[in-house]
Amino acid sequence: LGDTCLAGDQRAVATAFADLKAASASIGLELNMAKCELIPAAGLHSNIDRSLFPTDVSFKPKGEFELLGGPIGSQEFCNAHTQDRVTKATKLLSALGELPDPQVALLLLRHCASFGKLVFSTRVVPHRAHSAALHSFDTAVHECFESFMCCGVSAEEWTLATLSTKLSGLGLRSAEKHSPAAFLASRSACLSLCTKL
């Protein structure tokens, strides 16, 4: 089965959870308890009766969690979540910086290893919540470019490189600069659906 969310009063959620577990077992499925999380809406101010739930359900008292790949919680939690993606992408950027052919390296950087790596994060996380991680990613992209080009690039030259190719840039969009527009566009696109829910 895919991801499932149960929400409501703690007793209703506990009953629904037990029913789901029993119904799954009746058709030969079992819940992956390592992925089952109890997340109180009031965070640290909640008063959850843990005895209502199995002991192997993890408890997230701070109310910080990941939902469908996007972080929900404090700015620190959201920034750490994006930083984890940045750390993974940095390994690719380091390897890309060592390519001997700058033209091939630039194409791979533009289409496979730059802004596209974090576009999901920029769309689902408010831009202020992970600006430090986005800045570190932009710095890694800049360093990758300088590495395969075998030369330093000034701040002004790098600003030009981040412009689209239609504007005589290299199309290496800045994740930090584009994140406010990406988040607002995503939020606007789903506003009517959220209102209906």
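Here are three short exercises with worked solutions on the pockets, the cavity and one helix of this predicted model.

**Exercise 1. Describe the largest pocket: its volume, its lining and the elements that build it.**

Let's start with the space itself. The largest pocket holds about 1200 Å³.

Next, look at who surrounds that space. The lining counts 34 residues, and T4, C5, K35, C36 and E37 are the ones that lie nearest the centre of the pocket. Two or more lining residues come from each of α1 (10–26), β1 (37–38) and β3 (65–67). Of these elements, α1 gives the largest share, with five residues.

Finally, sort the lining by class. You should arrive at 21 nonpolar, seven polar and six charged residues.

**Exercise 2. Do the same for the second largest pocket, and work out which elements give two or more residues to its lining.**

Begin again with the volume, which is about 250 Å³ for the second largest pocket.

Now find the lining on the structure. One stretch to pick out includes L67, L68, G70, P71, I72 and G73, followed by C78. Then move along the chain to F120, R123, V124, P126 and A129, which also line this pocket. The elements that give two or more residues here are β4 (70–72) and α4.

For the classes, the lining splits into nine nonpolar residues, two polar ones and one charged one. R123 belongs to this lining, and arginine counts as charged, so R123 is the charged residue in the tally.

**Exercise 3. Find the enclosed space in the model, then follow helix α7 along its length.**

First, count the cavities. With a cut-off of 30 Å³ or more, there is one cavity. About 30 Å³ of space lies in the largest cavity.

Second, name its walls. D138, V141, W158, T162, L172, R173 and S174 line the largest cavity. By class, that lining has three nonpolar, two polar and two charged residues.

Third, turn to α7, which runs over residues 175–196. This helix has 22 residues and spans 31 Å from first C-alpha to last, close to the 32 Å expected at 1.5 Å a residue. Is the helix free of bends, or kinked? There is a kink of about 45 degrees in α7, and C190 is at its centre.

Fourth, check which α7 residues are hidden. A175, S179, A182, F183 and S186 are buried, with under 20% relative accessible area as the cut-off. The cover over these buried residues includes α4 (119–124) and α5 (131–149).

How values were computed:
Residues are numbered from 1 along each chain as its sequence is written. This is a predicted model: local features need pLDDT of at least 70, side-chain atom pairs count only at pLDDT 80 or more; totals for chains, interfaces and linings use all residues. Side-chain values use heavy atoms; hydrogens and water are left out. On a 1 Å grid over the protein atoms alone, a cavity is a set of points where a 1.4 Å probe fits but cannot get out, and a pocket is an open set with protein on both sides within 12 Å along at least five of seven lines; lining residues have an atom within 4 Å of a point. Grid points are joined across faces, edges and corners, and a volume is the space filled by probe spheres set on the points. Helices (H or I, at least four residues) and strands (E, at least two) are DSSP runs, numbered from the N terminus. The expected span of a helix is 1.5 Å times one less than its number of residues. The bend at a residue is the angle between axes fitted to the seven residues ending there and the seven starting there. Buried means under 20% relative accessible area, exposed over 50%, partly exposed in between (1.4 Å probe, protein chains only). Contact means heavy atoms within 4.5 Å.
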